[in-house]
Amino acid sequence: MPTPQTRLRRAAAPVLALAAWTTALPIMGCYSYVPVANGTAPRPGDATLLLTAAGTMAVQQRLGENVREVDGTIVRVTTDSIEVMVSQVSTVTRERFPQNGASATIARAHIERVSERVFSKRRTWGLVIGVAAVIATALGATTAASASSDGPGGGGGIQP
């Protein structure tokens with residue numbers, strides 16, 4: 001016959017696995033996009049480029065009509081252009097379309113703003129505290145439920 005400790009471990013295992021999965025996924029995504037200051041060259045890495053109206057027209061042949069934002073990885077930066085491996089584009093009407101990683105070189109004059117992907121400590125700590133609270137609540141509920149389900153006699157029901 002299983003002991004109360006064994007039952008507690010069995011009940012806690014799925015909760016702990018869910019908590020670990022819940023923690024791992026968002027921590028990988030604790031990033032935010034921060035605009036690069038004007039006159040500063042963006043670093044190679046993940047970024048979003050907001051195009052001007054002329055930029056929308058300039059990339060039409062390569063990326064499609066009405067493209068307003070280009071998401072991808074900056075590969076090379078020169079004084080007059082930025083080369084990016086495009087992962088996704090957004091249109092003027094906010095529709096998003098995935099791309100196959102094609103390379104596009106966009107003139108700086110056609111770019112209104114560049115936002116770089118940076119690690120966000122504030123979002124990470126907020127997430128860690130939130131996940132810790134969920135885990136503590138789940139473990140408390142699991143412990144309380146398994147402690148009240150069976151007594152030492154194994155009956156667990158209402159006594160006459």
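Strands here are DSSP runs of E at least two residues long, numbered from the N terminus, and that is how Thr-48 finds its place in strand S2. Please keep in mind, as you look through these views, that this is a predicted model.

**View A. The whole protein, with its 4 helices and 7 strands.**
Reading from the N terminus, you will meet the elements in the order α-β-β-α-α-β-β-β-β-β-α. The protein has 160 residues, and 25% of them are buried. About 10300 Å² of the protein is exposed, with carbon and sulfur atoms supplying 61% of that area. Take the contacts between residues at least 6 apart in sequence: 61% of them join residues at least 24 apart.

**View B. The largest nonpolar core, made of 17 residues.**
In soluble globular proteins, nonpolar side chains tend to be buried together. Good residues to start from here are Leu-49, Leu-63, Val-70, Ile-106 and Val-114, which touch the most other members of the core. Two or more residues come from each of strand S2 (45-51), strand S3 (67-77), strand S4 (81-91), strand S6 (103-107) and strand S7 (111-119). The top contributor is S4, with 4 residues. Centre the view on Leu-49 and set aside its neighbours within four places in sequence: its contacts are then Arg-68, Glu-69, Val-70, Ile-82, Val-84, Ile-106, Ile-111, Arg-113 and Val-114.

**View C. Thr-48, a residue of strand S2.**
Thr-48 counts as buried because its relative accessibility is 15%, under the 20% cut-off. Its side chain makes a polar contact with the side chain of Asp-71, at 2.9 Å. Apart from residues up to four places away in sequence, Thr-48 touches Tyr-33, Glu-69, Val-70, Asp-71, Arg-113, Val-114 and Ser-115.

**View D. Strand S3 with its partners S2 and S4.**
S2 and S3 run antiparallel and are joined by 6 bridges. To locate this pairing, look for Gly-45, whose bridge partner in S3 is Ile-74. S3 and S4 also run antiparallel, joined by 9 bridges. Here a handy landmark is Gly-72, which stands opposite Val-86 in S4. Follow the chain from S3 into S4 and you pass through a hairpin, with 3 residues between the two strands.

**View E. Arg-68 in strand S3.**
With 26% relative accessibility, Arg-68 counts as partly exposed. Leu-50 is 18 residues from Arg-68 in sequence, yet their C-alpha atoms are 6.1 Å apart in space. Leaving out residues up to four places away in sequence, Arg-68 touches a run of S2-side residues and others, including Leu-49, Leu-50, Leu-51 and Thr-52. Further contacts of Arg-68 are Thr-56, Ser-90, Thr-91, Val-92 and Glu-112.

**View F. Val-77, also in strand S3.**
Is Val-77 buried, partly exposed or exposed? Its relative accessible area is 26%, so Val-77 is partly exposed: that value falls between the cut-offs of 20% and 50%. Ala-41 is 36 residues away along the chain, and the C-alpha atoms of the two residues are separated by 7.2 Å. Ala-41 is also one of the residues that Val-77 touches, together with Pro-42, Ile-82 and Arg-108, when residues up to four places away in sequence are not counted.

Definitions and conventions:
Residues are numbered from 1 along each chain as its sequence is written. This is a predicted model: local features need pLDDT of at least 70, side-chain atom pairs count only at pLDDT 80 or more; totals for chains, interfaces and linings use all residues. Side-chain values use heavy atoms; hydrogens and water are left out. A nonpolar core is a set of buried Ala, Val, Leu, Ile, Met, Phe, Trp, Tyr and Cys residues joined through side-chain atoms within 4.5 Å. Buried means under 20% relative accessible area, exposed over 50%, partly exposed in between (1.4 Å probe, protein chains only). Contact means heavy atoms within 4.5 Å. A polar contact is a pair of N or O atoms within 3.5 Å; within protein, one must be able to donate a hydrogen and the other to accept it, and residues adjacent in sequence count only if both atoms are side-chain atoms. Two strands pair if DSSP finds at least two bridges between them. Accessible areas come from the Shrake-Rupley method with a 1.4 Å probe; for residues, only the protein chains shown count as cover.
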